[in-house]
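Grab a pencil and work through these exercises with the model open beside you. Try each task yourself before you read its solution.

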Amino acid sequence: MTHNENEVTLNCPLNGPKISWKDTNDQRVSTDDDRTLKLVFRNGIVESHVYCESDEEKYHFYINMKVCKDCINLDPGTVIGIICGDMLFTLLVVMGVYCFAKKRGGNSK
């Protein structure tokens, strides 16, 4: 499988004389080359469940991709690091304000 900004190209790994592509409703999916299938992004999204078959063998593909030009990939470790860093920074600010207010010693009436 390869992809670019506009489409996803699927390569069938089966070896056989005649390879056909079908969707989950057993409808034949048209293609220029029997070994590859190109799926075009619509509104930046490709969601499809297709399979290639040769003789009695089938190979299934489930594609669910979203592509945008300005997206940033964040793995879970990065997100946890950002949250922990934010909490630590907030705690330091609260402690600084508390210490500053304690030293200043406000008069209450």
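Following the chain from start to end gives the pattern β-β-β-β-β-β-α. Keep in mind that this is a predicted model, where local features need pLDDT of at least 70, side-chain atom pairs count only at pLDDT 80 or more, and totals for chains, interfaces and linings use all residues. Residues are numbered from 1 along each chain as its sequence is written, and side-chain values use heavy atoms, with hydrogens and water left out.

**Exercise 1. Take stock of the protein.**
Work out how many helices and strands there are, and what share of the residues is buried.

Solution.
- Step 1: Start with the rule. Helices (H or I, at least four residues) and strands (E, at least two) are DSSP runs, numbered from the N terminus.
- Step 2: Now count: the protein has one helix and six strands.
- Step 3: Buried means under 20% relative accessible area, exposed means over 50%, and partly exposed is in between (1.4 Å probe, protein chains only). Of the 109 residues, 23% are buried.
- Step 4: For contacts, look for heavy atoms within 4.5 Å. Among contacts with a separation of 6 or more, 52% come from residues 24 or more positions apart.

**Exercise 2. Sort out the open sheet.**
In what order do the three strands of the open sheet stand, and which ones are at the edges?

Solution.
- Step 1: Here's the background: strands of a sheet pair through backbone hydrogen bonds, either parallel or antiparallel. Two strands count as a pair if DSSP finds at least two bridges between them.
- Step 2: The order is β3-β5-β6, with antiparallel pairing.
- Step 3: β3 and β6 each have a single partner strand, so they stand at the edges, and one side of each has no neighbour in the sheet.
- Step 4: From one strand to the next, the twist averages 30°. Axes for such angles are lines fitted to C-alpha atoms, for helices over the stretch in contact, and angles run from 0 to 180 degrees between N-to-C directions.
- Step 5: Zoom in on one pairing. Four bridges hold β3 against strand β5 (residues 45-54) in the antiparallel sense, and Trp21 stands opposite Cys52 in β5.

**Exercise 3. Trace the other strand pairs.**
How many bridges join β1 to β2, and how many join β2 to β4?

Solution.
- Step 1: Strand β1 (residues 2-3) runs antiparallel to strand β2 (residues 7-11), and two bridges join them. Thr2 stands opposite Thr9 in β2.
- Step 2: β2 is also joined to strand β4 (residues 36-40), antiparallel again, by five bridges. Asn11 stands opposite Thr36 in β4.
- Step 3: Check on Thr9. Its relative accessibility is 13%, so Thr9 counts as buried. Leaving out residues up to four places away in sequence, Thr9 touches Met1, Thr2, Thr36, Leu37 and Lys38.

**Exercise 4. Classify the ring pairs.**
Which aromatic rings pair up, and is each pair stacked, tilted or edge-to-face?

Solution.
- Step 1: A pair of aromatic rings is described by the distance of the centres and the angle of the planes. Rings of Phe, Tyr and Trp (its six-membered ring) pair if their centres lie within 6.5 Å; planes under 30 degrees apart count as stacked, over 60 as edge-to-face and the rest as tilted.
- Step 2: The structure has two aromatic pairs. In one, the ring centres of Trp21 and Phe61 are 5.5 Å apart and the planes meet at 35°, so this pair is tilted.
- Step 3: Trp21 sits in strand β3 (residues 20-23) and Phe61 in strand β6 (residues 57-66), so the pair ties together parts 40 residues apart in sequence.
- Step 4: Tyr59 and Phe61 make an edge-to-face pair, 5.2 Å centre to centre with 65° between the planes.
- Step 5: Put together, the ring pairs link Trp21, Tyr59 and Phe61 into a cluster. Trp21 and Phe61 are both buried, whereas Tyr59 is partly exposed at 39% relative accessible area.

**Exercise 5. Find the disulfide.**
Which cysteines does the disulfide join, and what is its handedness?

Solution.
- Step 1: Look for a pair of cysteine sulfur atoms within 2.5 Å. Searching the whole structure turns up one disulfide.
- Step 2: The disulfide joins Cys12 to Cys52, with S to S at 2.1 Å.
- Step 3: The torsion about the S-S bond of Cys12 and Cys52 is about 75°, so the disulfide is right-handed.
- Step 4: Cys12 lies in the loop between β2 and β3 and Cys52 in strand β5, so the pair ties together parts that are 40 residues apart in sequence.
- Step 5: Cys12 is buried at 9% relative accessibility, and Cys52 is buried at 0%.
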